[in-house]
Amino acid sequence: MSREENSRSTLLQRAASGGRLERDEALRLWKETSLHEMGRAAHQLRMRLHPHETVSYVVDRNINYSNVCVCGCRFCAFFRPPGDPEGFVISREDLSEKIQEAVDLGATQILMQGSHHPDLDLAFYLDLLRGIKERFPGIHLHAFSPPEIIHFRHMFGLSVREIVSRLIEAGLDSIPGGGAEILVDRVREEIAPNKCSAEEWLDVMRTAHQLGLKTTATMMFGHVEAIADRLDHLLALRRLQDETGGFTAFIPWTFQPDNTRIPARKTTSTEYLRTLALSRLVLDNIPNLQASWVTMGAKIAQLSLFFGANDFGSTMIEENVVAASGVRFRMSREEIDKHIREAGFAPRKRRMDYTFLE
């Protein structure tokens with residue numbers, strides 16, 4: 001083994017043992033390490049963090065309360081501009097029906113996100129939360145991503161802290177990590193120039209953590225960003241996690257270009273698995289890493305369990321945003337259990353905070 005190979009091997013082993021990677025070290029591993037080497041190290045770290053054969057998932061439904069949006073992100077095939085005949089705002093009756101269907105299927109959580117609607121007032125969102133909690137007091141409300149909250153700040157003239165506090169009082173239980181895309185402003189200005197900045201996204205999460213909420217974090221990659229941008233995204237999350245400890249999980253997923261205004265190629269399964277493994281090695285302080293069967297399908301999600309992931313995400317009884325790009329993978333609880341077992345692990349239902357359910 002050459003001196004350079006020995007140095008790389010030592011670096012990988014340090015990362016697999018929980019040692020912190022610096023930016024240049026992580027970039028070197030990306031450039032010089034094979035898919036299998038990266039995966040093996042990430043799996044070792046996963047087993048160090050979770051020394052058991054369990055793979056968790058949550059039973060939930062992803063409900064979009066509206067698709068009317070003034071943001072106009074180039075990567076989004078779901079939104080409709082104000083006045084579009086296909087625009088909608090969900091009715092209370094439809095919302096209750098969707099939640100009841102989810103509860104009947106064993107759901108413990110509702111993931112609710114929408115858009116940057118120009119006409120809805122703060123009372124709409126507060127009443128939405130209160131109404132859900134009154135009818136379904138046991139359901140966990142995982143709702144309103146950071147860009148939505150920044151939109152609320154601009155619309156209603158309140159601070160992020162005041163908005164999040166009011167949402168908590170109305171029933172909000174946690175905040176999803178949507179809208180992160182890539183936390184590099186140069187990239188964000190190219191794909192979503194009207195969306196919040198990277199620092200605004202991070203500030204919403206910081207504020208939520210300070211107010212006692214747990215949140216998740218995401219990364220949508222494979223569009224206009226470079227590998228260095230992905231690393232800067234991961235490091236921004238790691239710094240905030242050092243500060244607050246509020247992230248329960250990280251979910252990286254691949255950009256789906258069909259029906260969007262970004263002429264990018266589809267990310268290969270190999271690049272997805274390498275990015276997943278690198279994420280596990282860099283994010284030494286975020287405990288859980290989710291596989292993305294919604295964008296990659298069941299078989300690659302199974303492989304993800306050997307590239308750093310310890311969680312299969314959610315059942316996503318309903319999902320519309322990725323589906324709008326033409327990708328329509330679906331999976332029931334029984335199918336998730338089956339795929340996890342086939343990979344050699346034991347499936348366990350969980351809550352948002354990663355406590356297991358019997």
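Biologist: Let's start with Val-294: is it buried or exposed?
Modeller: This is a predicted model, so the value comes from predicted coordinates. Val-294 sits in helix α12, which covers residues 293-296. Buried means under 20% relative accessible area, and Val-294 has 12% relative accessibility, so the verdict is buried.

Biologist: How many Å apart in space are Val-294 and Trp-201, C-alpha to C-alpha?
Modeller: Along the sequence, 93 residues separate Val-294 from Trp-201. In space, the C-alpha to C-alpha separation of the pair is 24 Å.

Biologist: Thanks! Which residues does Asn-288 touch, leaving out those up to four places away in sequence?
Modeller: Asn-288 belongs to strand β8, residues 288-289. With 6% relative accessibility, Asn-288 counts as buried. Not counting residues up to four places away in sequence, its contacts are His-50, Thr-248, Ala-249, Phe-250, Arg-280, Asn-310 and Tyr-354.

Biologist: Tyr-354 appears in that list of contacts, so what is the phi of Tyr-354 near?
Modeller: Tyr-354 is placed in the segment after β10 (346-349). Its relative accessible area is 13%, so Tyr-354 is buried. Phi is positive here, in a residue other than glycine, and lies near 70°.

Biologist: And where does Phe-144 lie?
Modeller: Phe-144 also has a positive phi, near 65°, in a residue other than glycine. Its relative accessible area is 0%, which makes Phe-144 buried. As for its place, Phe-144 is in the loop between β4 (140-143) and α6 (146-156).

Biologist: Now a helix check: what distance separates the end C-alpha atoms of α10?
Modeller: Helix α10 runs over residues 227-244, 18 residues in total. At 1.5 Å a residue, α10 should span 26 Å. The distance between its end C-alpha atoms agrees, at 26 Å.

Biologist: Which elements do the buried residues of α10 pack against?
Modeller: The buried residues of α10 include Leu-231, Leu-234, Leu-235 and Leu-237, and charged side chains such as Asp-229, Arg-230 and Arg-238 are among them too. Just after α10 comes Gly-245, with a positive phi near 65°. The packing partners of the buried residues are α2, α8 (185-191), α9 (198-210), β6 (214-221), β7 (247-254) and α11.

Biologist: One of those partners is α11; how many of its residues are buried?
Modeller: Helix α11 covers residues 269-282, and its end C-alpha atoms are 20 Å apart, in agreement with the 20 Å expected for 14 residues. Among its buried residues are Tyr-272, Arg-274, Leu-276 and Arg-280. The helix is largely enclosed by the rest of the structure, because the buried count is 12 of the 14 residues.

Biologist: Which residues does Thr-33 touch, again not counting those up to four places away in sequence?
Modeller: Thr-33 is found in the loop between α2 (23-32) and α3. Its relative accessible area is 4%, so Thr-33 is buried. Its contacts are Arg-8, Leu-12, Arg-28, Met-38 and Arg-274.

Biologist: Met-38 is one of those contacts, so which residues of α3 are buried?
Modeller: Helix α3 has 15 residues, 35-49, and its end C-alpha atoms are 21 Å apart, which agrees with the expected 21 Å. The buried residues of α3 are Leu-35, Met-38, Gly-39, Ala-41, Ala-42, His-43, Leu-45 and Arg-46.

Biologist: What does Gly-72 count as, by its relative accessibility?
Modeller: Gly-72 is in the loop between β2 (60-64) and α4 (92-104). Its C-alpha atom is 24 Å in space from that of Ser-159, with the two positions 87 residues apart in sequence numbering. At 22% relative accessibility, Gly-72 counts as partly exposed.

Biologist: Stepping back, what is the radius of gyration of the whole protein?
Modeller: The protein has 14 helices and 10 strands. For 358 residues the globule rule gives 21 Å, and the value for this protein is close to it, so the protein is as compact as a globular protein of that length. That radius of gyration is 20 Å.

Biologist: Last one: how far apart are the mean positions of the positive and negative charges?
Modeller: The accessible surface comes to about 14400 Å², and carbon and sulfur atoms account for 49% of it. The protein carries 44 positive and 48 negative charges. The separation of their mean positions is 4 Å.

Conventions:
Residues are numbered from 1 along each chain as its sequence is written. This is a predicted model: local features need pLDDT of at least 70, side-chain atom pairs count only at pLDDT 80 or more; totals for chains, interfaces and linings use all residues. Side-chain values use heavy atoms; hydrogens and water are left out. Helices (H or I, at least four residues) and strands (E, at least two) are DSSP runs, numbered from the N terminus. The radius of gyration is taken over C-alpha atoms; the globule rule is 2.2 Å times the number of residues to the power 0.38. Accessible areas come from the Shrake-Rupley method with a 1.4 Å probe; for residues, only the protein chains shown count as cover. Lys and Arg count as positive and Asp and Glu as negative; His and the chain ends are not counted. The place of a charge is taken as NZ of Lys, CZ of Arg, CG of Asp or CD of Glu. The expected span of a helix is 1.5 Å times one less than its number of residues. Buried means under 20% relative accessible area, exposed over 50%, partly exposed in between (1.4 Å probe, protein chains only). Contact means heavy atoms within 4.5 Å.
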